[in-house]
Amino acid sequence: MVFSSLTFLFLFLPPVLVLYYLLPQAGKNAFLFAASLFFYAWGEPVYIVLMLFSTVADYVLGLIIEKHRHNKQTARLFLVLSLLVNVGILGFFKYFDFLVQSINALWGTNLAILNLPLPLGISFYTFQTMSYTIDVYRNEVPVQRRLIDFCTYVTLFPQLVAGPIVRYQEVEKQLRQRQVDLDTFGLGAKRFIAGLGKKVLLANNIGLLWQQVEQLPPEGLSVVTAWLGIVAYALQIYFDFSGYSDMAIGLGKMLGFTFPENFDYPYTAKSITDFWRRWHMTLGSWFREYVYIPLGGNRRGVPVLLRNLMVVWFLTGLWHGASWNFVLWGLYYGVILAVEKMWLLRGLRKCTPLVSHFYTLILVLLGWVLFVFPDFRQVLQYYLVLFGRGVPLIDRQALYLLSNYLPLLVIGMAAAMPWTKIKIQKLLQEKTLYYPVAILLYFFVLFLSTAYLVDASFNPFLYFRF
Amino acid sequence: MAYYHKLISLMLLGFLLGCTFLFVLLPERDFSPLENRMLQTKPVPAPADLLSGNFTATFDQYVADQFVFRDWWVSLKVKVERLLQKKEQNGVYFGKDGYLLQVLPQDNEEIWAENLVALDNFAKKSPVPVYFLPVPAAAQVLPEKLPAFAAPSPSYLEPGNFRSKLKHTAGIDVFNEFYGQEKYYYRTDHHWTTEGAYAAYRKTGEAVGFTPVARESFKIETVAADFLGSLAARTGTQPQPDVLQLFLPQTPLPCRVEYVAEKRIEASFYAWEHIDSRDKYAVFLDGNHALIKITTSVPKGRRLLVVKDSFANAMLPFLAHHYEEIYVVDLRFFHDNLAVFLWQQEVDEVLFLYGTMTLATETVLRKLAI
């Protein structure tokens with residue numbers, strides 16, 4: 001199930017919330033676990049077995065690591081086993097075909113691929129369970145003896161399929177004790193509605209613009225069309241992903257959990273280093289915590305630092321999908337971050353915000369081109385169009401798209417900036433109108449989102465014939 | 001504001017639960033008059049569907065289709081889209097002066113060409129003359145009604161294209177005649193008006209060699225002034241309705257209309273019951289059928305085969321003045337061999353009559369090769 005569906009909003013969520021609030025403390029986790037399994041099974045009935053296997057394996061391995069804590073070597077052995085299980089599952093289901101295809105391409109072999117569908121949320125829950133066994137091994141978090149609580153942590157439906165990547169130590173205490181009341185619920189409700197609006201009203205609709213540009217042959221584009229397209233994609237992916245994170249955080253709050261933040265207005269960043277502190281923050285901190293720092297981080301000299309950056313960004317790229325363009329996209333950022341760390345960062349801090357902001361946005365937009373096209377030739381073609389090679393600056397198509405999407409793009413860009421929010425908030429607080437206006441605004445967004453969801457299925461004339 | 005968050009909580013819960021209760025309580029609808037389509041009703045899961053995930057997709061559709069006040073939500077969305085300056089919805093332009101026009105497919109030249117090749121091959125083998133009348137889509141001949149900067153008609157849909165492609169088929173070109181003629185098209189439906197069909201009928205007379213019945217011999221009667229056509233339904237909008245007129249001969253033409261597969265015989269070209277329904281264009285020959293046989297008392301004894309989509313329906317009552325028998329075939333539902341059929345019925349000429357949109361989006365004529 002996805003949050004932005006009528007089935008989730010109106011048939012799954014209301015009964016789950018009501019029952020959750022009615023149940024006594026002792027039953028809440030078991031109920032959440034059951035509800036989460038149903039949530040998962042709605043889209044992926046078969047792979048539920050895989051998720052449960054991974055969960056139980058890490059639960060057991062955690063206990064074994066704890067038991068052999070005095071014997072470092074044995075504990076280490078079981079940690080390695082846990083990592084092998086998780087990375088093995090992820091590797092097999094997500095990367096096996098990619099590996100085979102790469103080998104085939106490299107050596108001209110003809111090995112068969114499996115064509116398995118990717119299990120929902122696998123990239124997220126394997127990273128979460130790994131954070132548990134590693135932290136238990138490092139003695140940073142007490143072992144979890146209650147199986148139900150551990151299962152609740154892994155399968156918790158708000159963050160199950162698309163993050164944020166919640167490290168076990170971040171919610172360990174909340175699994176036993178959390179505040180569940182109407183005030184916290186209200187905070188969560190606001191966040192959820194904001195995320196729903198981002199996803200349904202902004203991401204889905206701005207995405208239509210990118211979809212139109214993507215379908216055109218590159219030689220038929222104009223410079224303006226190409227920039228419009230990639231800006232639309234940048235806004236779409238931001239609102240899609242951050243909207244989903246907002247919904248997850250909001251739902252978590254409604255259930256009494258506090259999840260880590262995942263986005264912090266990334267398009268206001270003034271360097272790529274800054275951008276990655278604001279974009280998909282939980283993934284960044286996972287790699288920093290479990291890969292970059294264990295490898296020595298930046299404290300062992302420049303060559304090691306460079307190696308570490310490349311390893312982390314190779315993996316970050318690969319994590320986004322089993323395809324070389326994602327690896328390339330990751331390495332692209334690895335190189336830029338290295339350059340910034342060595343030379344650029346100091347200069348960027350000194351120059352006017354306009355320049356550093358422009359620099360960052362251009363690099364991020366060019367990065368999205370790498371991210372979105374699986375075929376490198378398409379990437380090159382798109383770059384050539386962006387920089388005006390052999391195409392007109394503007395054409396009828398660009399004007400038509402602009403006339404259709406300009407208002408939405410302006411709304412989208414404004415919504416990606418924090419100042420709109422801050423200014424409006426200040427203005428209203430002074431006039432004591434803030435609360436009634438805010439409530440109206442949230443319900444406006446909720447209503448519109450519902451309308452857009454109802455009409456998403458709007459595909460009339462099934463029996464319509466000419 | 002101590003109550004602020006409590007208030008938001010209660011409002012969200014109230015809204016969700018309220019909609020859920022109404023969803024469960026209100027009766028299901030089978031049909032949406034606004035969208036003119038059947039709605040998904042509650043699906044019953046089969047065990048295999050549950051595992052494959054097919055059931056959940058159908059179920060999601062069911063929830064959306066049966067959602068409380070669906071029509072209200074749909075209209076709300078369209079209003080917001082218009083406010084945001086969106087110029088099209090579901091493949092339909094919001095044109096100028098209240099015109100709704102189908103968006104022309106820019107990249108479908110292959111489908112179009114395949115249809116034309118199939119047609120010309122058929123004509124090559126045909127023992128009798130084959131005529132081809134493509135009916136331009138409104139967007140092709142009323143470009144001034146398109147929204148600003150909308151893509152012009154693609155060149156493959158222009159008359160020069162079919163003229164050069166067809167070697168054995170006599171093309172009937174109405175494009176010049178139709179250019180800028182607002183009265184030939186409905187604003188809310190993708191079809192031509194009876195006026196448009198009459199103009200094309202005159203052109204057909206020139207090409208085939210009969211003398212068309214003069215306009216004065218008809219009495220033009222308005223049978224509906226509240227016609228909201230297919231494009232209104234497709235956009236979910238309620239624009240100003242169209243007027244549907246019929247050209248009824250001053251001296252009635254006795255006819256016998258046989259719906260062959262349905263084994264039904266009528267004495268009129270018009271299925272009047274559709275005047276009161278949403279799909280008013282179906283008043284012409286009761287919509288689309290695999291095979292219709294029209295017999296009149298025209299003494300000349302000529303026979304015509306019309307292979308067509310729904311555009312022909314409005315023109316057939318005119319053609320009937322010149323043929324003793326007309327066979328009307330809709331290839332989407334007709335499954336016999338057309339060449340054999342043509343020979344068996346001993347027709348004198350064949351007319352292919354299609355909207356350009358049909359030939360650019362469906363490979364309907366592929367069946368001719370079988």
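**Notes on a two-chain predicted model**

1. A good place to start is a strand pair in chain B: β4 (residues 92-94) and β5(B) run antiparallel to each other and are joined over three bridges. Within this pairing, B:Tyr93 sits opposite B:Leu101 of β5(B). Please keep in mind that this is a predicted model.

2. That pair belongs to an open sheet of three strands in chain B, ordered β3-β4-β5 with antiparallel pairing. At its edges are β3 (88-89) and β5 (100-102) of chain B, each of which pairs on one side only.

3. Now for the meeting of the two chains. Chain A brings 48 residues to the contact and chain B brings 56 residues. On the chain A side, at least two residues each come from α1 (6-22), α2 (25-43), α9 (182-215), α17 (396-415) and α19 (434-456). The most is given by α19(A), with eleven residues. Sorted by class, this side of chain A has 34 nonpolar, nine polar and five charged residues.

4. Chain A itself splits into domain 1 (6-177), domain 2 (185-415) and domain 3 (418-456). Between domain 1 and domain 2 of chain A, the C-alpha centres are 26 Å apart. Their contact draws 22 residues from domain 1 of chain A and 19 residues from domain 2 of chain A.

5. Which elements give two or more residues to the side of domain 1 of chain A that touches domain 2 of chain A? They are α1, α4 (72-107), α5 (122-137), α7 (157-160) and α8 (168-176) of chain A. By class, that side of domain 1 of chain A holds 13 nonpolar, five polar and four charged residues.

Terms used. Residues are numbered from 1 along each chain as its sequence is written. Chains are lettered from A and ligands numbered from 1 in the order in which they are written. This is a predicted model: local features need pLDDT of at least 70, side-chain atom pairs count only at pLDDT 80 or more; totals for chains, interfaces and linings use all residues. Two residues are in contact if their C-beta atoms, placed from the backbone, lie within 7 Å. Helices (H or I, at least four residues) and strands (E, at least two) are DSSP runs, numbered from the N terminus. Ala, Val, Leu, Ile, Met, Phe, Trp, Tyr, Cys and Pro count as nonpolar, Asp, Glu, Lys and Arg as charged, and the others, Gly among them, as polar. Two strands pair if DSSP finds at least two bridges between them. Domain bounds come from an automatic or database domain assignment.
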